[in-house]
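Please look over the structure shown here. The report after it deals with a pocket, a surface patch and a pair of residues.

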Amino acid sequence: MAELFHYSVLLPWVIGMIFGIFVGATPGLTATMAVALIVPVSFHLEPNAGLALIIGVSFTAIFAGDIPATFLRIPGTPASAAATLDGYPLARKGKGPFALTLDLLCSCAGGLVGVVLLMLLAPQLARVALKFSNFEYFWLGLLGLSISALVSQKSLWRGLLAAVLGLLLATVGEDIVSGKQRYVFGSMELMSGISFIPAMIGLFGLSEVLRSCFGRSEAEGAAMEVQGGTAPLVEGTFALWKHKFLCLKSAVVGTLIGALPGAGADIAAWGAYGLARKTSKQPETFGQGAEEGVVAPTSANNAAVAGAWIPALIFGVPGDAVTAIVLGALTMYGIKPGPLIFEQSGGQVQSILWIAFFTQFLLLVCGLVGIRVFSRLLRLRKGLVMAGVLVFSIVGSYALNNSFFDVGV
Amino acid sequence: MNSRDPGEMAPSWPLGLFLIVVGLAGFGFGQGIPADAVGNNADPGPRLFPLALSLILFLGGGGELIRSFRSGGVSASGPLWKEEGARTFFAVGGLLCGFFLLVPWLGFSLGMVLLVLLFLRLKRVSWKVALATAFALVVVVRFLFGWLFRIQLPEGWLESFL
């Protein structure tokens, strides 16, 4: 464990986390993309340094997606969509750094819980996760959709209609069971369906740019002026302590959902948000800057990152897109995921677990710096900020598949 | 007398109309989806699901429309085009459409400079600041995506001459 703190490991570790903050905070650049870009770089490093780089990027990018979600109502990654619901209203009240600091503390706490569960219960959880069949996944999907109705405070019916509209859009492309084309209209681009990231960017990013056209943009910008110094950290710590059981519950939910192959941090975040709202004593405050609305999804999404490693390490079945990429990298380091991983590569698996554990503490430091930097950036005139959002939204949509069609979407 | 819960959103006829149109389009275009049965006759193939969703949207839109007319026919927030900033909203929408259509000719960088410049002018930012911001953003994007991430940004007909 001591060699993990040698500068040859620590330096790429921290650089990876800074890279993760930057990529995660840019709408259109996902955590998956961040890891995909960093994996080839990691091959030039020794195993511990390479693993630290990859793990550092994946955890940090998920947290960093909450930064634009809170300040701009534009999730940096899909896993941060749930964080917009209460993070942004808090930022509008001038409590942006508090919301993000609370977010950061919950991300660290959630990640720690996830890693501890990974360390203690990985084989048992993996066995349960692999028992999930099509029926269970169907109900999990239905649960996720029903949360869209749950979070529609003022109109349950409209929330359901929005979910139905989303499902209809999701049918565009080739049917995965029969291979028949639906709503393709002869277009090659539509055959693979409507990409999720461009749709999310349009829904959150461009809609925010268009919303900013309606008067009082300078006053809105002024409302975002916030308290500085250590006040957010102190307040965030007290808030985390106040909601410690919710944080723990959300982290456990996040880890369990993350352990399900194919169910990633985004589903974990929504699941935890829905559960928190259902069990809250003040559910009417959700969506208006409730601290619980920040604690739940942010604890869950980072915990899910750890949870995704469970089936990946134990059975070689990736828990999400990020671990799918990482599995390839692990084989390059001579680590063969599977039931015998602890016997065959015990030392390296221990390194992975300790790296994941200490990443949560480094995340605290890197995250605080990231919050400071972005807070200052976002104090620019709102028109300039929106121009930046516009540019990165367009480029981010294009960058996913090198397709201008996605920009049109 | 309006017995609606004050917290509930007012019914909106544009939303109702939109859902009806989408539902009709989904249902109409969905007729072309093959309905081969998979397995025995109990499996309806890939057509039933989108048709059912379209029907739900059509009915939901109809319900929204009826509720809107019963409550007076005006949405609580008033028509969009009367709101302050509506002209800017439609102008930005037009800019985005223009950008999408003109990029094959102008190229990504040039198109982006024009888009940002005009967008900032609509937001009443001075020419100097708008131009500087536009160029700065394009340089950053070129560096990050073009050089660092090795993503080939589209070059238009005009850009290829420059």
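What follows describes one pocket, one patch on the surface and two residues set side by side.

This is a predicted model, and the values below are computed from it.

The second largest pocket has a volume of about 670 Å³. Its lining is drawn from both chains: helix H1 (7-25), helix H4 (66-72), helix H17 (346-377) and helix H18 (382-401) of chain A, along with helix H5 (127-148) of chain B, each give two or more residues. H17(A) supplies the largest share, with seven residues. In total 25 residues line this pocket, and those that lie nearest its centre are A:Phe22, A:Ala25, A:Phe374, A:Leu377 and A:Phe392. What classes of residue make up the lining of the second largest pocket? It has 21 nonpolar and four polar residues, and no charged residues.

Nonpolar side chains also occur on the surface. A:Phe135, A:Phe138, A:Trp139, A:Leu142 and A:Leu145 form a nonpolar patch there, and together they have about 570 Å² of accessible area. One of these residues, A:Phe135, is set against a leucine of chain B in the table.

| Residue | Helix | Relative accessibility | Class |
|---|---|---|---|
| A:Phe135 | H6 (residues 134-150) of chain A | 65% | exposed |
| B:Leu19 | H1 (residues 13-30) of chain B | 4% | buried |

A:Phe135 counts as exposed because its relative accessibility is 65%, and the cut-off for exposed is over 50%. B:Leu19 counts as buried because its relative accessibility is 4%, and buried means under 20%.

B:Leu19 and B:Gly63 are separated by 44 residues in sequence, and their C-alpha atoms are 10.0 Å apart in space.

Key
Residues numbered from 1 in each chain as written. Chains lettered and ligands numbered in written order. Predicted model: local features only at pLDDT ≥ 70, side-chain atom pairs only at ≥ 80, totals over all residues. Heavy atoms only, no water. 1 Å grid on protein atoms, 1.4 Å probe; cavity = no way out; pocket = protein on both sides within 12 Å on 5 of 7 lines; lining within 4 Å. Points joined across faces, edges and corners; volume = space filled by probe spheres on them. Nonpolar A, V, L, I, M, F, W, Y, C, P; charged D, E, K, R; others polar. Patch = residues over 30% accessible without salt bridge, like charges linked within 9 Å, V, L, I, M, F, W, Y side chains within 5 Å. Areas by Shrake-Rupley, 256 points an atom, 1.4 Å probe, with all protein chains shown as cover. Salt bridge = Lys/Arg side-chain N within 4 Å of Asp/Glu carboxyl O. Buried < 20%, exposed > 50% of the residue type's maximum accessible area, 1.4 Å probe, protein only.
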